[in-house]
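Trainee: I have a new two-chain model open and would like to walk through it with you. Where should we start?

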Amino acid sequence: MEPESVILRNARKDLEWFGEHYTELVTKYDEQFIAIKNAQPIASASNMEDLIAYLNKSGIDPVTTLIKYVTRAYTIL
Amino acid sequence: MKIPLQIIDEQIQVGAVFRAPKYRTGLALIDFVVDTGSNVSFISPRDLMKINFPQNALTFKSMNYIGGGSSDISEIHDIVLAFHDEDTNLVKIPLKTFHACTSHASRGDKRARSMLLPSVLGLDFLKTADLSLYTKPAKNIAYLERI
């Protein structure tokens, strides 16, 4: 399997999980960045720098990890 | 060919693998918001940080007004975005030009706000990649399609 496919397969599972659990994630992690891997939150932080530092320290590659920001607030792009 | 999208919190989202050999970033997961209201597609400040993109390689092009703030838009060149179609076949879309969005501010509230921006696939991407967007939010259906 091509490496892109491996990343995408895992990301699809994590993104689906994120969508299914979005409401409870917002309740628990409001205004936080959360890293999701293997369909579960593995770390959270109030800013990207701290989250990336934690992931690197834990031996988890942030480059291929799903990282989402959650908020109760409306998002207007 | 259809690329399935997710509708999460009333936003259309999709994961893609970003590759930019010219910038030596390796393979990176970027999750995009599909926003047809945007005339430019870009990698957000937080995703640039996440993938360790070499910011000194960026060439400023213009200012961008988004989400109530302003950011710099720079062009990046010769990238590939890879997606899975509905049969999990790899769909690679080479793009001669894409964009990186960076914040003016180095710290403080403005910088913090810029980190909240997601990466965006706008109408320019759909046009270049010859993709159509179909969405039926009431049925939680969304996909990109190339006929």
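Mentor: Let us start with a term we will need: a nonpolar core is a set of buried Ala, Val, Leu, Ile, Met, Phe, Trp, Tyr and Cys residues joined through C-beta atoms within 7 Å. Please keep in mind throughout that this is a predicted model.

Trainee: OK, so which residues touch the most other members of the largest nonpolar core?

Mentor: The largest nonpolar core holds 48 residues, and those touching the most other members are A:L51, B:A16, B:V17, B:F18 and B:F32. Strand β4 of chain B, residues 27–34, gives this core its largest share, which is six residues.

Trainee: And what does B:F32 touch, leaving out residues up to four places away in sequence?

Mentor: With those set aside, B:F32 touches B:Q13, B:V14 and B:A16, and also B:S119, B:V120 and B:L121.

Trainee: A:L51 was on your list too. Which residues of its helix, α3 of chain A, are buried?

Mentor: Helix α3 of chain A spans residues 48–57, and its buried residues are A:M48, A:L51, A:I52 and A:L55. Around the axis they cover an arc of only 95 degrees, which places them on the same side of α3(A).

Trainee: What do they pack against?

Mentor: The buried residues of α3(A) pack against three strands of chain A, namely β1 (32–37), β2 (40–45) and β3 (66–70), together with α1 (45–50) of chain B. After α3(A) comes A:G59, which has a positive phi, near 75 degrees.

Trainee: Switching to the sheet in chain A, what is the strand order?

Mentor: It is an open sheet of three strands in the order β2-β1-β3, with antiparallel pairing. Because β2 and β3 of chain A stand at the edges, each with a single partner strand, one side of each has no neighbour in the sheet. On average, and with direction ignored, neighbouring strands of this sheet are turned by 30 degrees against each other.

Trainee: How many bridges join β1(A) to β3(A)?

Mentor: Five bridges join these antiparallel strands, and A:I36 stands opposite A:L66 in β3(A). Helix α1(A) packs on the sheet, where it touches β1 and β3 of chain A, and its direction makes about 20 degrees with that of β3(A).

Trainee: Tell me about that helix then. How many residues has α1 of chain A?

Mentor: Helix α1 of chain A covers residues 3–20, which is 18 residues, and it reaches 26 Å from its first C-alpha to its last, close to the 26 Å expected at 1.5 Å a residue. Its buried residues are A:E4, A:I7, A:L8, A:A11, A:D14, A:L15 and A:F18. Seen down the axis of α1(A), they fall within an arc of 135 degrees, so they line one face of the helix.

Trainee: How many residues of each chain are in contact across the interface?

Mentor: In chain A, 27 residues are in contact with 30 residues of chain B. On the side of chain A that touches chain B, α1, α3 and β3 of chain A each supply at least two residues, and the largest share, 12 residues, comes from α1(A).

Trainee: Last one, over in chain B: which strands stand at the edges of the sheet β1-β10-β9?

Mentor: The edges of that open, antiparallel sheet of three strands are β1 (2–4) and β9 (132–136) of chain B, each with a single partner strand, so one side of each is left without a neighbour in the sheet. Three bridges pair β1(B) with β10 (residues 141–145) of chain B in the antiparallel sense, and the bridge partner of B:K2 in β10(B) is B:E145.

Note on methods. Residues are numbered from 1 along each chain as its sequence is written. Chains are lettered from A and ligands numbered from 1 in the order in which they are written. This is a predicted model: local features need pLDDT of at least 70, side-chain atom pairs count only at pLDDT 80 or more; totals for chains, interfaces and linings use all residues. A residue is buried if 20 or more other C-beta atoms lie within 10 Å of its own, exposed if 12 or fewer, and partly exposed in between; C-beta atoms are placed from the backbone. Helices (H or I, at least four residues) and strands (E, at least two) are DSSP runs, numbered from the N terminus. The arc is that of the directions from the helix axis to the C-beta atoms. Two residues are in contact if their C-beta atoms, placed from the backbone, lie within 7 Å. The expected span of a helix is 1.5 Å times one less than its number of residues. Two strands pair if DSSP finds at least two bridges between them. Axes are lines fitted to C-alpha atoms, for helices over the stretch in contact, and angles run from 0 to 180 degrees between N-to-C directions.
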